[in-house]
Amino acid sequence: MKVLIIEDEPIAATRLEKLLLASKHQIDVIAKLDTIKRTVDFLENQEHPDLMFMDIQLADGLCFDIFDLVQVKCPVIFTTSYDQYAIRAFKVNSIDYLLKPLDQGELYNAINKYNFLTKKYSEKTSPESIALQEAIKMLKSKSYKERFMVKVGEHIKSVAVADINHFVSQEKATFAHTTDNRKYILDHTLDQLTEMLDPKQFFRINRQFIVSIHGFTDIISYSNNRLKLNLKNDNTMDAIVSRERVQDFKQWLDR
């Protein structure tokens with residue numbers, strides 16, 4: 001099993017490597033990386049490992065940025081001192097979430113879980129195994145929404161995602177605002193759209209707005225350490241980047 005360790009604390013990385021090599025599993029630690037940048041460079045230029053162990057907070061930001069910058073083609077076991085990121089971790093490639101200091105028994109159970117999920121039976125394959133293999137295939141080839149079918153009066157129209165400046169939740173409905181200054185109602189919530197849209201192209205700035213990387217003309221400093229966006233073709237509403245999302249928003253822009 002080829003394993004990649006992503007950890008910015010050298011002592012923690014060394015301890016994890018020793019625990020892995022001391023297990024009954026045949027494990028080859030192919031690299032230990034400490035930053036988002038080094039990890040992205042590795043995944044773009046090297047063969048992907050079978051499994052990654054990933055700390056949440058790295059030297060240059062949260063590890064979730066890695067998934068926005070490069071396609072991760074293997075499962076991940078997260079290792080962290082913080083439990084508040086668990087839900088976010090399982091929205092990406094996570095198969096387990098271990099809290100530091102790592103417990104040897106929990107670590108080996110996580111590896112056993114990985115082996116169970118990826119095991120192929122030579123003679124008879126169970127339905128559970130087939131479903132898990134399909135899930136792994138989806139991790140390797142995730143695709144994002146390219147167009148929406150919308151109703152315009154009695155007509156049905158196809159709207160390309162590339163032509164949408166922003167999405168807004170308003171009056172218990174969700175609207176897509178396009179580059180040609182039109183507004184279409186959608187059947188999806190913003191939470192659903194967050195999973196459908198390419199995170200390199202769209203960012204959810206608050207509970208009401210998802211904006212395109214090309215959907216605004218200016219960024220202005222705003223009260224309480226927030227940011228205000230001037231949206232293209234729409235000056236009717238204030239698009240405010242919430243304070244807790246400002247740092248992630250800046251990193252999203254600075255790719």
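Colleague: Which is Thr 80, buried or exposed?
Modeller: Let's check its relative accessibility, which comes to 0%. The cut-offs are: buried under 20% relative accessible area, exposed over 50%, and partly exposed in between, with a 1.4 Å probe and protein chains only. With 0%, Thr 80 therefore counts as buried.

Colleague: This is a predicted model, right, so what pLDDT do side-chain atom pairs need in order to count?
Modeller: Some housekeeping: residues are numbered from 1 along each chain as its sequence is written, and side-chain values use heavy atoms, leaving out hydrogens and water. It is indeed a predicted model, where totals for chains, interfaces and linings use all residues, local features need pLDDT of at least 70, and side-chain atom pairs need pLDDT 80 or more.

Colleague: Where does Thr 80 sit, in which strand?
Modeller: Helices (H or I, at least four residues) and strands (E, at least two) are DSSP runs, numbered from the N terminus. Beyond its neighbours within four places in sequence, Thr 80 is in contact (heavy atoms within 4.5 Å) with Asp 55, Ile 56, Tyr 97, Leu 98, Leu 99 and Lys 100. The strand that holds Thr 80 is β6.

Colleague: Which strands stand at the edges of the open sheet?
Modeller: Two strands pair if DSSP finds at least two bridges between them. Five strands follow the order β2-β1-β3-β6-β7, with parallel pairing. Two of them have a single partner strand each, so one side is left without a neighbour in the sheet: these are β2 (28-33) and β7 (94-99).

Colleague: What is the average twist from one strand to the next?
Modeller: Look along the order β2-β1-β3-β6-β7 again. Angles here run from 0 to 180 degrees between N-to-C directions, and axes are lines fitted to C-alpha atoms, for helices over the stretch in contact. From one strand to the next, the twist averages 20°.

Colleague: What is the bridge partner of Met 52 in β6?
Modeller: Start with the two strands: β3 (residues 51-55) and β6 pair in the parallel sense over four bridges. In β6, Met 52 has as its bridge partner Val 76.

Colleague: And which helices pack on the sheet?
Modeller: One touches β1 (2-6), β2 and β3, with its direction at about 170° to that of β2; that is α1 (residues 10-21). Another touches β3, β6 and β7, with its direction at about 180° to that of β7; that is α5 (residues 104-118). So to name the pair, you have α1 and α5.

Colleague: How many aromatic pairs are there, and which strand holds Phe 78?
Modeller: Rings of Phe, Tyr and Trp (its six-membered ring) pair if their centres lie within 6.5 Å; planes under 30 degrees apart are stacked, over 60 edge-to-face, and the rest tilted. The structure has eight such pairs. Phe 64 and Phe 78 make a tilted one, 5.9 Å centre to centre with 35° between the planes. The two are 14 residues apart, linking distant parts of the chain: Phe 64 is in helix α3 (residues 64-69) and Phe 78 in strand β6 (residues 76-80).

Colleague: Which residues form the ring cluster?
Modeller: Phe 249 and Trp 252 are both buried. These two are three residues apart in helix α8 (residues 246-253), which means about one helical turn separates them. Ring pairs join them into a cluster made up of Phe 203, Phe 216, Phe 249 and Trp 252.

Colleague: Which residue in the turn of the β8 and β9 hairpin has a positive phi?
Modeller: Strands β8 (residues 147-152) and β9 (residues 155-160) run antiparallel, joined by six bridges. The hairpin leaves two residues between the strands, and the one with a phi of about 65° is Gly 153.

Colleague: What is the omega of the cis peptide bond?
Modeller: Most residues other than glycine have a negative phi, and most peptide bonds are trans. Pro 101, in the loop between β7 and α5, is joined to Lys 100 by a cis bond, with omega of about -5°.

Colleague: What is the relative accessibility of Asn 225?
Modeller: Asn 225 lies in the loop between β15 (216-222) and β16 (226-231). Although not a glycine, Asn 225 has a positive phi of about 60°. Asn 225 counts as exposed because its relative accessibility is 62%.
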